[in-house]
Amino acid sequence: MRKKRNPQCSMELHYVPHEICSQLSGISQWLDAHPQFNDWIYEDLSSGDKQNTGRNGLSAESVLRAALLKQYLNCDYDYLSFV
């Protein structure tokens with residue numbers, strides 16, 4: 001079963017004084033302040049689920065953050081899996 005949220009280590013623990021890191025940290029803080037986006041993504045991802053079988057998918061929060069990072073870096077998911 002897919003989860004809405006799977007808590008991860010904060011980016012603040014590994015902060016590097018670089019413009020990109022500052023921007024990504026700001027995006028992360030904004031997403032943390034607006035958890036309703038996780039709810040919307042979860043509803044969209046769960047709308048077609050008919051069975052609770054197979055492996056659990058990424059959490060809704062991870063899907064949202066990966067999609068935003070993909071757009072930010074202007075890359076495809078294959079490249080993103082190695083970043």
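Contact here means heavy atoms within 4.5 Å. The exercises below concern a predicted model.

**Exercise 1. Overall architecture**

Determine how many helices and strands the chain has, what share of its residues is buried, and what share of its contacts with a separation of 6 or more joins residues 24 or more positions apart.

*Solution.* Begin with the secondary structure, which comes to 4 helices and 0 strands, so that reading along the sequence gives the pattern α-α-α-α. Turn next to burial: of the 83 residues in the chain, 17% are buried. Finally, take the contacts with a separation of 6 or more, of which 64% are accounted for by residues 24 or more positions apart.

**Exercise 2. The packing of helix 2 and helix 3**

Describe how helix 2 and helix 3 pack, naming the residues that meet and their classes.

*Solution.* Two packed helices are described by the angle between their axes and the distance between the axes. Helix 2 spans residues 36–46 and helix 3 spans residues 60–73; they pack at an angle of about 100°, with their axes 8 Å apart. Because angles of 65 to 115 degrees count as roughly perpendicular, helix 2 is roughly perpendicular to helix 3. From helix 2, the residues Phe37, Asn38, Ile41, Tyr42 and Leu45 take part, and they meet Ala60, Glu61, Val63 and Leu64 of helix 3. Sorted by class, this contact has 7 nonpolar residues, 1 polar residue and 1 charged residue.

**Exercise 3. The aromatic cluster**

Characterise the geometry of the 2 aromatic pairs, and state whether tryptophan 30 and phenylalanine 37 count as buried, partly exposed or exposed.

*Solution.* A pair of aromatic rings is described by the distance of the centres and the angle of the planes. The count comes to 2 aromatic pairs. One of them joins tryptophan 30 to phenylalanine 37, with 5.3 Å centre to centre and 40° between the planes, and is tilted. Tryptophan 30 has 44% relative accessibility and therefore counts as partly exposed; phenylalanine 37, at 24% relative accessibility, also counts as partly exposed, because the class runs between the cut-offs of 20% and 50%. Phenylalanine 37 also pairs with tryptophan 40, edge-to-face, at 5.0 Å centre to centre and with 80° between the planes. Both residues of this pair, phenylalanine 37 and tryptophan 40, lie in helix 2, 3 residues apart, about one turn of the helix. Taken together, Trp30, Phe37 and Trp40 form one aromatic cluster.

**Exercise 4. A charge over a ring**

Identify the ring over which the charged end of lysine 70 sits.

*Solution.* The ring is that of tyrosine 77, and the charged end of lysine 70 sits 5.3 Å from its centre.

Conventions. Residues are numbered from 1 along each chain as its sequence is written. This is a predicted model: local features need pLDDT of at least 70, side-chain atom pairs count only at pLDDT 80 or more; totals for chains, interfaces and linings use all residues. Side-chain values use heavy atoms; hydrogens and water are left out. Axes are lines fitted to C-alpha atoms, for helices over the stretch in contact, and angles run from 0 to 180 degrees between N-to-C directions. Helices (H or I, at least four residues) and strands (E, at least two) are DSSP runs, numbered from the N terminus. Angles under 35 degrees count as roughly parallel, over 145 as roughly antiparallel, 65 to 115 as roughly perpendicular and the rest as oblique. Ala, Val, Leu, Ile, Met, Phe, Trp, Tyr, Cys and Pro count as nonpolar, Asp, Glu, Lys and Arg as charged, and the others, Gly among them, as polar. Rings of Phe, Tyr and Trp (its six-membered ring) pair if their centres lie within 6.5 Å; planes under 30 degrees apart count as stacked, over 60 as edge-to-face and the rest as tilted. Buried means under 20% relative accessible area, exposed over 50%, partly exposed in between (1.4 Å probe, protein chains only). A charge sits over a ring if NZ of Lys or CZ of Arg is within 6 Å of the ring centre and within 35 degrees of the ring normal.
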